[in-house]
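Let's walk through this structure together, starting with a single chain and then looking at how the chains meet. Keep the 3D view open as you read.

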Number of protein chains: 2
Amino acid sequence: MKHSSLPIPSDFAAPPSPAVLAGWLDADRQARPTRVAALRERMAREGIDALLLTSHADARFFAGICFGPNEEPTSGSSGWLLMSADALALLVDSRYIIQAQREAPDAEHIDYGSDVGAAIATWLHNHGARQLGLDAQEVRHAIWERITEAVPGVELRSIRGWGRALRAVKEVSEIERIAAACAVADRALAGILDQIRPGVTESALAWSLERAMREGGAEALAFDVAALAGGNAALPHGNPGTRELRAGEVILFDFGAQVAGYRSDMTRTLFVGEPSVEHAALYTAVHRGQAATIDLLRSAIEQGGPLPSGRACDVATRAAMAGSPHVYDHGLGHGIGLQTHESPSLSRGATDDALPSPTVFSVEPGIYVQDEIGIRIEDLVAVNTAAKSLTILTRFPAEPLIVG
Amino acid sequence: MKHSSLPIPSDFAAPPSPAVLAGWLDADRQARPTRVAALRERMAREGIDALLLTSHADARFFAGICFGPNEEPTSGSSGWLLMSADALALLVDSRYIIQAQREAPDAEHIDYGSDVGAAIATWLHNHGARQLGLDAQEVRHAIWERITEAVPGVELRSIRGWGRALRAVKEVSEIERIAAACAVADRALAGILDQIRPGVTESALAWSLERAMREGGAEALAFDVAALAGGNAALPHGNPGTRELRAGEVILFDFGAQVAGYRSDMTRTLFVGEPSVEHAALYTAVHRGQAATIDLLRSAIEQGGPLPSGRACDVATRAAMAGSPHVYDHGLGHGIGLQTHESPSLSRGATDDALPSPTVFSVEPGIYVQDEIGIRIEDLVAVNTAAKSLTILTRFPAEPLIVG
């Protein structure tokens with residue numbers, strides 16, 4: 001195996017300046033009317049005159065209010081949006097009134113008190129709504145029942161992912177923010193490479209990487225850092241523990257940063273000392289699998305055609321890995337933005353629809369040999385058919401690297 | 001104002017050793033049959049032959065599976081519990097099977113695939129259930145409907161907080177863990193006092209405090225650190241920002257650690273330089289208000305009687321603060337354990353029932369003058385009427401302190 005020289009933090013972009021951060025907030029402000037108009041167009045098309053959206057990502061995208069990344073469980077119904085053809089209301093409890101005035105000045109603010117179902121019903125009644133679109137997979141049974149009982153004349157129609165579908169197509173300033181989050185993660189990993197050696201624990205490395213991101217421009221993590229050694233890297237879901245690294249095995253890092261609301265996600269599997277011929281070959285197979293999807297995307301873009309489907313990408317990657325044992329059972333990739341997992345989906349179960357454009361998603365095949373080794377390579381790819389561009393936003397080298 | 005000497009980290013207990021951590025896991029293992037039996041007793045009493053519990057705290061308490069603190073949004077329905085008089089099942093998707101085998105060996109594991117409603121219905125059918133208790137405020141409408149449709153013979157009855165009610169009464173090893181989390185937080189604050197001075201930002205101090213907890217024995221934070229300067233401390237909900245500290249104002253820290261699954265929660269409001277006479281008087285009023293509840297609890301315990309109600313505590317604290325302007329609108333306190341906010345509640349809206357015993361809760365009155373100052377003092381109190389004991393678990397001094 002070739003010993004590549006290791007990357008260093010200054011190989012990657014520095015965190016954004018305050019001026020750049022302010023510019024992104026301004027871009028959001030200017031884009032919000034267009035975003036809301038797109039949602040209203042769909043409402044008109046599907047014959048729904050009122051809409052309830054309940055995710056913090058939608059609250060930020062359509063109304064501007066920015067919740068903390070860990071705030072969903074404690075915020076109650078704060079951040080829920082009600083929309084009609086000419087009204088936009090943000091439900092908040094008293095804790096969030098001042099923040100809503102500051103960040104979401106264009107929405108009406110409704111303090112829903114102790115009965116959010118009744119507050120929604122009153123708003124529907126006042127706006128003469130006859131149908132309400134809301135997601136039965138997200139809204140709690142008691143609230144659904146409360147609305148039904150309070151405004152029996154309004155038909156409740158379950159809709160799924162309307163906000164998410166619009167957020168799948170990314171604006172320029174959104175892609176810039178995802179790229180900035182990628183650079184923070186790239187620099188952080190480059191900065192801790194010298195700490196990776198036999199004897200150090202998974203949890204110590206996970207904390208070092210978190211600290212490097214948080215002190216290097218991340219306002220938060222995109223998700224808890226996974227740092228998994230040797231056979232642990234084969235676990236479908238592993239938390240870093242007191243397991244110590246040993247020479248001749250891998251360390252797998254799956255991690256991401258959040259910058260100005262937008263997230264990154266990257267996996268790198270590093271060899272701690274020289275790998276065996278077999279392990280090196282597994283790495284090559286995963287890398288080849290990832291390249292197959294990227295090549296497929298690139299050639300579709302060059303030909304000016306539509307992008308392949310998420311399912312076609314999965315097929316291409318699996319074909320390129322044919323013959324390797326223990327090929328991944330999980331999805332090949334997922335969209336990313338305000339949330340770590342967004343539309344579109346790249347997987348065996350994805351639709352045959354062309355991927356949207358412009359958009360950003362992960363490509364992350366893996367090979368997992370139980371109790372022995374796990375290898376996954378995950379990068380974020382930005383595609384834009386109109387601009388004929390494909391950019392790998394994660395810049396940390398994906399070639400096999402030997403550390404320790 | 002008296003200049004007290006500042007606390008130092010070694011004033012507080014060191015983090016638990018691996019042997020102590022292992023002992024707590026063992027205590028959980030031994031206590032689980034008793035916990036489950038208590039739940040079954042209530043089922044029998046209320047005529048419900050099957051129960052669905054959907055919180056990660058209940059999954060850990062009754063079955064032993066330990067999810068990460070930020071895992072609720074990404075875990076799907078993994079961690080949901082189904083219980084009958086003689087069966088206990090843990091719903092998990094394929095990612096969590098290995099973890100469930102390791103941590104929850106006494107429960108049956110059901111891989112629910114893509115349709116959790118159908119998996120629940122099948123289990124109910126196989127166990128001949130006629131009533132299912134579940135929480136309509138927690139369970140999503142689509143899942144409620146799916147179960148109703150799949151097993152029309154089973155009556156769905158909404159129940160609220162049965163797991164939470166049992167978890168309000170704390171075992172010895174639970175209180176030890178909360179105390180250990182408090183000590184981690186105490187040490188962390190003591191360790192960053194020398195960084196508090198005019199010019200430093202709220203967010204820099206929040207990060208220093210987080211880092212001191214994470215490097216000082218916390219496996220996670222209990223919640224994001226609040227570090228709010230001057231007038232920001234009066235905000236009902238504030239995120240630490242780029243605001244710089246100024247001499248003559250306060251810095252309010254609201255923060256907590258997690259140790260072996262259990263959480264702490266403490267607020268300290270420190271003066272950055274000598275306070276005005278007015279501000280010092282406000283601090284004294286808040287401190288007096290907190291003491292009123294602690295005195296009320298102590299005297300009930302000494303007299304061997306039941307504890308006061310959560311509402312009576314709030315009345316006592318407000319009476320002791322009578323005459324002060326801008327007395328708190330929020331609750332006086334809350335139970336704490338596996339979750340940051342648990343039963344019992346201490347507030348104007350709480351019931352007249354005596355507080356349970358043994359239990360742990362916060363006592364956190366405040367005074368908030370808009371755009372000028374906020375002062376809150378929050379401590380965790382462990383009470384045990386049988387043992388005639390009251391212990392303040394948060395040991396960082398609550399007397400007014402001048403820093404910077």
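What follows takes the domains first and the contact between the chains second.

One thing to keep in mind is that this is a predicted model. Start with chain A, which the domain assignment splits into two parts. Domain 1 is made of two stretches, 9–16 and 168–403, while domain 2 covers 49–158. If you put a point at the C-alpha centre of domain 1 of chain A and another at that of domain 2 of chain A, the two points sit 35 Å apart.

So how do the two domains touch? On the domain 1 side of chain A, 10 residues make contact, and they meet five residues of domain 2 of chain A. Together the two domains of chain A bury about 540 Å², and carbon and sulfur atoms account for 63% of that area. There are zero salt bridges across this domain interface in chain A, and the rule picks up one residue pair in polar contact, with both residues at pLDDT 80 or more. As for the kinds of residue involved, the side of domain 1 of chain A that touches domain 2 of chain A has four nonpolar, three polar and three charged residues.

Now zoom out to the pair of chains. Turn chain A by 180°, with a shift of 0.0 Å along the axis, and it can be laid on chain B with an RMSD of 0.0 Å. That's why you can think of the pair in terms of a two-fold axis. Both copies use the same surface, too: 100% of the contact residues of chain A recur in chain B.

What does that contact look like up close? Chain A puts in 26 residues, and chain B puts in 26 as well. Between them the chains bury about 2700 Å², with 51% of it on carbon and sulfur atoms.

There's plenty to look at here in terms of charge and polarity. Five salt bridges are counted between chain A and chain B. One to find in your viewer joins the side chains of Arg211(B) and Glu215(A), at 2.7 Å from N to O. The rule also finds 17 residue pairs in polar contact across the interface of chain A and chain B, both residues of each pair being at pLDDT 80 or more. Looking for helices on the chain A side, you'll see that α3 (97–103), α5 (141–150) and α8 (202–214) each supply at least two residues of the side touching chain B. Sorted by class, that side of chain A has nine nonpolar, seven polar and 10 charged residues.

Methods: Residues are numbered from 1 along each chain as its sequence is written. Chains are lettered from A and ligands numbered from 1 in the order in which they are written. This is a predicted model: local features need pLDDT of at least 70, side-chain atom pairs count only at pLDDT 80 or more; totals for chains, interfaces and linings use all residues. Side-chain values use heavy atoms; hydrogens and water are left out. Copies are superposed by least squares on the C-alpha atoms of residues with pLDDT of at least 70 in both. Contact means heavy atoms within 4.5 Å. Domain bounds come from an automatic or database domain assignment. Buried area is the accessible area (1.4 Å probe) that two parts lose on being put together, summed over both. A salt bridge is a side-chain nitrogen of Lys or Arg within 4 Å of a carboxyl oxygen of Asp or Glu. A polar contact is a pair of N or O atoms within 3.5 Å; within protein, one must be able to donate a hydrogen and the other to accept it, and residues adjacent in sequence count only if both atoms are side-chain atoms. Ala, Val, Leu, Ile, Met, Phe, Trp, Tyr, Cys and Pro count as nonpolar, Asp, Glu, Lys and Arg as charged, and the others, Gly among them, as polar. Helices (H or I, at least four residues) and strands (E, at least two) are DSSP runs, numbered from the N terminus.
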